[in-house]
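Colleague: I'm new to this one, so could you take me through a single part of it at close range? I'd like to hear about the aromatic rings and whatever surrounds them.

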Amino acid sequence: MSPESVASGSVRSAAEVNEQIRALWLRAGGSLSTQEREEYELLVVEWAAAIRSSIIEAA
């Protein structure tokens, strides 16, 4: 996932992204490598965008 895809808006739901975040932590055993931390940070940004999008749609 590239930063551009996050900037253009999330196409996945917050629940889908959250599931990927959980799977990342499980695979990592609770301690993220540098690469995994970068992936985690991108996922959190995508998750936040999905949350914002769902709030805006609800309003």
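Modeller: Let's start with the term itself: rings of Phe, Tyr and Trp, the last taken by its six-membered ring, make an aromatic pair if their centres lie within 6.5 Å. By that rule the structure, which is a predicted model, holds 1 aromatic pair. The partners are W25 and Y40, and their arrangement is edge-to-face, with 5.5 Å centre to centre and 80° between the planes. That label fits because planes over 60 degrees apart count as edge-to-face.

Where do the two rings sit in the chain? W25 belongs to helix 2 and Y40 to helix 3, 15 residues apart, and the pair links distant parts of the chain.

Are these residues buried or exposed? Neither label applies: W25 is partly exposed because its relative accessible area is 29%, and buried would mean under 20%. Y40 comes out as partly exposed too, since its relative accessible area is 24%.

Now for the helices that carry the rings. Helix 3 covers residues 34–58, which makes 25 residues, and it reaches 36 Å from its first C-alpha to its last, close to the 36 Å expected at 1.5 Å a residue. Buried positions in helix 3 include L43, E46, A49 and A50. A50 also gives us another way to look across to helix 2: its C-alpha lies 9.6 Å from that of E16, although 34 residues separate them along the chain. E16 is in helix 2, which spans residues 14–28, and it counts as partly exposed because its relative accessibility is 45%.

Stepping back, the chain has 3 helices and 0 strands, running α-α-α from the N terminus. Of its 59 residues, 19% count as buried. The accessible surface comes to about 4,200 Å², and 56% of that belongs to carbon and sulfur atoms. Among contacts with a separation of 6 or more, 54% are between residues 24 or more positions apart.

How far can you trust the picture? The mean pLDDT of the chain is 86, and 81% of its residues reach 70 or more. Confidence is highest in helix 2, at a mean of 97, and lowest in helix 1 (residues 3–7), at 46. Over residues 1–7 the pLDDT is below 50, and this stretch has 9 contacts in the model beyond near neighbours in sequence. Where pLDDT is low, the predicted coordinates should not be read in detail.

Definitions and conventions
Residues are numbered from 1 along each chain as its sequence is written. This is a predicted model: local features need pLDDT of at least 70, side-chain atom pairs count only at pLDDT 80 or more; totals for chains, interfaces and linings use all residues. Side-chain values use heavy atoms; hydrogens and water are left out. Helices (H or I, at least four residues) and strands (E, at least two) are DSSP runs, numbered from the N terminus. Buried means under 20% relative accessible area, exposed over 50%, partly exposed in between (1.4 Å probe, protein chains only). The expected span of a helix is 1.5 Å times one less than its number of residues. Contact means heavy atoms within 4.5 Å. Accessible areas come from the Shrake-Rupley method with a 1.4 Å probe; for residues, only the protein chains shown count as cover. pLDDT is the predictor's confidence in each residue, from 0 to 100. Rings of Phe, Tyr and Trp (its six-membered ring) pair if their centres lie within 6.5 Å; planes under 30 degrees apart count as stacked, over 60 as edge-to-face and the rest as tilted.
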